[in-house]
Amino acid sequence: MEIEVLEGIFDANEIIAKENRALLDRSGTFMVNLMSSPGAGKTSFILKTLEGVEGEFSCAVIEGDIAGKVDSERIAEIGVQAIQINTGGSCHLEARQVNTALGRLDLGGVDLVVVENVGNLVCPAEFRLGEDLKVMILSVAEGHDKPLKYPLMFSESHVMIVNKTDLIPHTDFDLELLKETVRKMNPSVEIFEVSCRTGEGISAWCGWLKDRVRGTRAETKN
Amino acid sequence: MHELSVVESMMAVVLKHAERNRARKVNRINLVLGEMSTVMEDPVKFYFDFVSRDTIAAGAELSFRRTELIARCEDCGHEWKVQEYDFTCPECGGTNTEIVSGREFQVESIEIN
């Protein structure tokens, strides 16, 4: 006997992602899901971003790593609350893990949550966490040919950050070709070029992000 | 490679529907896998053998129906098969596009007795 099922295998994750969304909406908290391959500069980028929005927003960071707490210690050093999730070998964060981490935060007092996903350009793109923005980083050292190799990540992200732009003069990295390819795959993508090392481009990104976070707060007050 | 957790989620869906229909055995699982999904057939089959062990789905055959990446232009309504992940509408040049198929990973049906 054949039984019709028609159920998506990621549906369970989608349901919890929606619960996270509702939780964040109630407190007017904005959440960023930050994804990249290992070593693209996620933690440095978060530190620069926290510095850039300091004074206006109260922030928290959820750190997803396979093991260890090196990243959350770096965040805690600057006085920002950081919650570590160890995925125990799993290559991506799922909505339920973020749900547990959100439960440990006093969301009423938090304007911006940045989730640092596990370093991986493949799997995190499949799992919605309930975020407002999916932000991905591609660093110059990885090469401009990555979008067609990892299409889901590049087409799902709302924002692409090109990091380590200070390295461009030393490489064959073709920034214009990268942008052209990604805009075809993802016409509404916002692209920011930054160097966490020199600080170049960070203020443009932070300015844009602040506008988005302010928008969320204004909606909750109304 | 997240196929282990994906297969666990898949098994939860399969067993829920099997139990609901009082199945004694699941013989076949018919899956739909989109061209753009990051999930791969071979690791799914590999982990399925582990995860289904000692369940009524042990030994079930896995069948994959692949769907092509199809987009629809929200401006002119044109639907087309996307090549090289270029989501620009080939008819009107519009960029306001929706994915119609090719993203899914779904249990379409199960065959039980």
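# A sheet shared by two chains

Let's start with the sheet: four strands line up in the order β1(A)-β6(B)-β1(B)-β2(B), forming an open sheet with mixed pairing. Keep in mind that this is a predicted model. With β1 of chain A and β2 (61–67) of chain B at the edges, each has a single partner strand, so one side of each is left without a neighbour in the sheet. Ignoring direction, neighbouring strands here are turned by 20 degrees against each other on average.

**How the strands pair up**

- Where the chains join in the sheet, β1(A) runs antiparallel to strand β6 (residues 105–112) of chain B, and the two are linked by five bridges.
- To find one of these bridges on screen, look for A:Ile3, whose partner in β6(B) is B:Ile110.
- β6(B) also pairs with strand β1 (residues 26–34) of chain B, again in the antiparallel sense, this time over seven bridges.
- Here you can pick out B:Val26, which has B:Ile112 of β6(B) as its bridge partner.

**Where chain A touches chain B**

- Chain A puts 25 residues into the contact, and chain B puts in 27 residues.
- On the chain A side, β1 (2–8), α5 (151–156) and α6 (175–185) each supply at least two residues.
- The top contributor on that side is β1(A), with seven residues.
- Sorted by class, the chain A side has 16 nonpolar residues, four polar ones and five charged ones.

**Chain B as a whole**

- Chain B is built from two helices and six strands.
- Reading from the N terminus, you meet its elements in the order α-β-α-β-β-β-β-β.
- Its radius of gyration is 17 Å, well over the 13 Å that the globule rule gives for 113 residues, so chain B is more spread out than a compact globule.
- Along the principal axes, the C-alpha atoms of chain B fill a box of roughly 55 × 30 × 15 Å.

**The helices of chain B**

- Helix α1(B) lies across β1 of chain A as well as β1 and β6 of chain B, and it runs at about 40 degrees to β6(B).
- Helix α1 (residues 3–20) of chain B also packs against helix α2 (residues 41–51) of chain B, at an angle of about 60 degrees and with the axes 9 Å apart.
- That angle is why α1(B) and α2(B) count as oblique to each other.
- Their crossing is right-handed.
- From α1(B), the contact uses B:Glu3, B:Leu4, B:Val6, B:Val7, B:Glu8 and B:Met11, while α2(B) brings B:Pro43, B:Val44, B:Tyr47, B:Phe48 and B:Val51.
- By class, the contact of α1(B) with α2(B) has nine nonpolar residues, two charged ones and no polar ones.

**A helix pair in chain A**

- Helix α1 (residues 11–27) of chain A crosses helix α4 (residues 95–103) of chain A at roughly 25 degrees, and their axes come within 8 Å.
- Angles under 35 degrees count as roughly parallel, and α1(A) and α4(A) are therefore roughly parallel to each other.
- The crossing of α1(A) and α4(A) is left-handed.
- On the α1(A) side you'll find A:Asn13, A:Ile16, A:Ala17, A:Glu19, A:Asn20 and A:Leu23, meeting A:Ala95, A:Arg96, A:Val98, A:Asn99 and A:Leu102 of α4(A).
- The class count for the contact of α1(A) with α4(A) is six nonpolar, three polar and two charged residues.

How values were computed. Residues numbered from 1 in each chain as written. Chains lettered and ligands numbered in written order. Predicted model: local features only at pLDDT ≥ 70, side-chain atom pairs only at ≥ 80, totals over all residues. Contact = placed C-beta atoms within 7 Å. Nonpolar A, V, L, I, M, F, W, Y, C, P; charged D, E, K, R; others polar. Pairing = 2+ DSSP bridges. Axes fitted to C-alpha atoms, helices over the stretch in contact; angles between N-to-C directions. Parallel < 35°, antiparallel > 145°, perpendicular 65-115°, else oblique. Left-handed = near helix turned anticlockwise from the far one by under 90°. Rg over C-alpha atoms; globule rule 2.2 N^0.38 Å.
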